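Visitor: I am new to this structure. Could you show it to me and walk me through it?

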Amino acid sequence: MASSHVAERPHERRGENLYPCRLTQEFGDFTMTLDVPEGVWNPTPHGVALGHALLDLDFAGEHVLELGTGCGIHAILLARQGARRLTLTEIEAPIIDNARHNLVRNGIDVEVEGLVCDWTAVPGASHAGDAIWDTVVTNPPFAKSGKRYRRYFIDMLILDAHKLVRPGGRLVFVQSSMADIPRSLRMMAECGMETRIVAETSGPFRAYYFEDDAFRREMATVPGGYTVSDGRHYERLIVFEARLPR
Ligand SMILES: C[S@@+](CC[C@H](N)C(=O)[O-])C[C@H]1O[C@@H](n2cnc3c(N)ncnc32)[C@H](O)[C@@H]1O
């Protein structure tokens with residue numbers, strides 16, 4: 001079982017996830033070290049689960065788009081799994097600079113293009129069936145999506161994948177059972193995608209879930225969203241690989 005070591009997580013108990021830290025995380029026989037400055041998303045079990053799933057996927061020669069790269073945890077793994085070129089998006093340039101820093105720190109030398117943009121408006125997206133990326137990889141915002149409709153980024157990802165990914169290309173993403181797994185599976189099927197579950201795990205609630213009453217009320221309405229055992233709440237984390245129609 002992989003382990004992670006976090007040198008400093010002083011703010012975690014207060015429930016926010018943008019605090020500075022340096023962490024090491026094992027992925028197979030590779031130990032990754034990440035510098036995460038204030039304002040950059042700290043990798044959570046969702047991101048770590050996605051990372052482990054990437055180890056089982058081949059990206060040889062691919063041009064991969066990662067939406068919301070954060071500290072670059074997945075960018076590093078994508079390069080190690082053979083990606084030829086990475087396009088990384090984020091909402092602010094310093095976050096992309098941090099991802100670039102972590103790529104170098106972990107000995108990665110790959111062609112990287114950084115885009116400061118919103119998820120719904122990625123420069124290079126195309127309606128004309130000539131999308132340029134082979135695969136889109138992401139850990140979409142959900143609990144802290146900031147949207148009234150919390151699944152916004154997951155739905156947009158599925159609905160707009162064809163504008164980003166070439167016909168026959170892939171969408172790889174992680175989501176919680178609280179984000180309604182059957183709904184994602186239905187949407188992907190309705191969009192003509194062939195979906196596979198690459199990885200499935202479960203983990204305890206993040207501290208910040210308990211600080212958001214609206215979130216907890218909403219999650220209680222999602223069938224199969226979470227379980228409670230010995231007073232502890234657990235969510236399932238699923239990594240999907242969806243193949244777009246040709
Ligand atoms: C759940 S975090 C994942 C970060 C990283 N991939 C990981 O797993 O640790 C989502 C990322 O999307 C970015 N993001 C949030 N809202 C966004 C938006 N409207 N447009 C583009 N990126 C956004 C955040 O800055 C954040 O880094």
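Visitor: How far is a nitrogen atom of the ligand from a polar backbone atom of G68?

Guide: Happy to start there! This is a predicted model, where local features need pLDDT of at least 70, side-chain atom pairs count only at pLDDT 80 or more, and totals for chains, interfaces and linings use all residues. Residues are numbered from 1 along each chain as its sequence is written, and side-chain values use heavy atoms, with hydrogens and water left out. A polar contact is a pair of N or O atoms within 3.5 Å, and the separation at the G68 backbone is 2.8 Å.

Visitor: Which residue has a side-chain N or O atom 2.9 Å from an oxygen atom of the ligand?

Guide: The side chain of E66 also has a polar atom by the ligand, 3.5 Å from one of its nitrogen atoms. The residue that pairs with a ligand oxygen at 2.9 Å is N139.

Visitor: What share of the ligand's exposed area does the protein bury?

Guide: Accessible areas here come from the Shrake-Rupley method with a 1.4 Å probe. Taken alone, the ligand exposes 590 Å². Of that, the protein buries 89%.

Visitor: How many residues of the shell around the ligand are charged?

Guide: In total, 17 residues surround the ligand, each with a heavy atom within 4 Å of it. The shell has 8 nonpolar and 6 polar residues. Asp, Glu, Lys and Arg count as charged, and their number in the shell is 3.

Visitor: How many strands does the protein have?

Guide: Helices (H or I, at least four residues) and strands (E, at least two) are DSSP runs. The protein has 6 helices, and its strands number 11.

Terms used: A polar contact is a pair of N or O atoms within 3.5 Å; within protein, one must be able to donate a hydrogen and the other to accept it, and residues adjacent in sequence count only if both atoms are side-chain atoms.
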